[in-house]
Amino acid sequence: MTAPEKAAGALRTIGELAQEIGRPQHILRYWETRFPQLRPLTRAGNRRYYRTEDVALVRRIHHLLANEGYTIRGVQKLLVEEKGGAKIAITPAADLRTVRDALARALEDDAG
């Protein structure tokens, strides 16, 4: 018997995400140490829960490493370079403070 499908915006456990991309869980934990952008929610017992944006980032990192031939260092540089021109993703879960802070940082970067 298979587990029912989760809704598109549902949190994913590290096991579910690891299985989806075909990598062991320890690889995802390692990526968390190498990519500061990847910060899943942690709950009691250090259980990790990946939000929609975390899942998208993990899929992108996996694609760049496995299909595009990037190294960890190469993906790190690419993500840092993109951060300067990053768009703000407004989702129902995003609160106004997050959007305000992102806009303030963008204005500071433009001024400096």
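1. Let's start with T13: its bridge partner in β3 is Y49. T13 belongs to a pairing in which β1 (residues 12–13) and β3 run antiparallel, joined by two bridges. Please keep in mind that this is a predicted model.

2. Y49 turns up again with β2, since L41 has Y49 as its bridge partner in β3. Strand β2 (residues 41–43) is antiparallel to β3, and three bridges join the pair. The connection between β2 and β3 is a hairpin with three residues between the strands, and G45 in the turn has a positive phi of about 75°.

3. Now for the two faces of β3 (residues 47–50): which residues lie on the covered one? R48 and Y50 do, while R47 and Y49 are on the uncovered face. In a regular strand, side chains alternate between the two faces of the sheet.

4. Just past that strand, R51 sits in the loop between β3 and α3 (52–66). R51 counts as partly exposed because its relative accessible area is 25%, which falls between the 20% and 50% limits. Beyond its neighbours within four places in sequence, R51 is in contact with L11, R39, P40 and L41. For P40, 11 residues away along the chain, the C-alpha separation from R51 is 6.6 Å.

5. One more spot you might like to look at is T33, in helix α2 (residues 25–34). Is T33 buried or exposed? Its relative accessibility is 53%, so T33 counts as exposed. A polar atom of the T33 side chain lies 2.5 Å from the backbone oxygen of Y30.

Definitions and conventions. Residues are numbered from 1 along each chain as its sequence is written. This is a predicted model: local features need pLDDT of at least 70, side-chain atom pairs count only at pLDDT 80 or more; totals for chains, interfaces and linings use all residues. Side-chain values use heavy atoms; hydrogens and water are left out. Buried means under 20% relative accessible area, exposed over 50%, partly exposed in between (1.4 Å probe, protein chains only). Helices (H or I, at least four residues) and strands (E, at least two) are DSSP runs, numbered from the N terminus. Two strands pair if DSSP finds at least two bridges between them. A polar contact is a pair of N or O atoms within 3.5 Å; within protein, one must be able to donate a hydrogen and the other to accept it, and residues adjacent in sequence count only if both atoms are side-chain atoms. Contact means heavy atoms within 4.5 Å.
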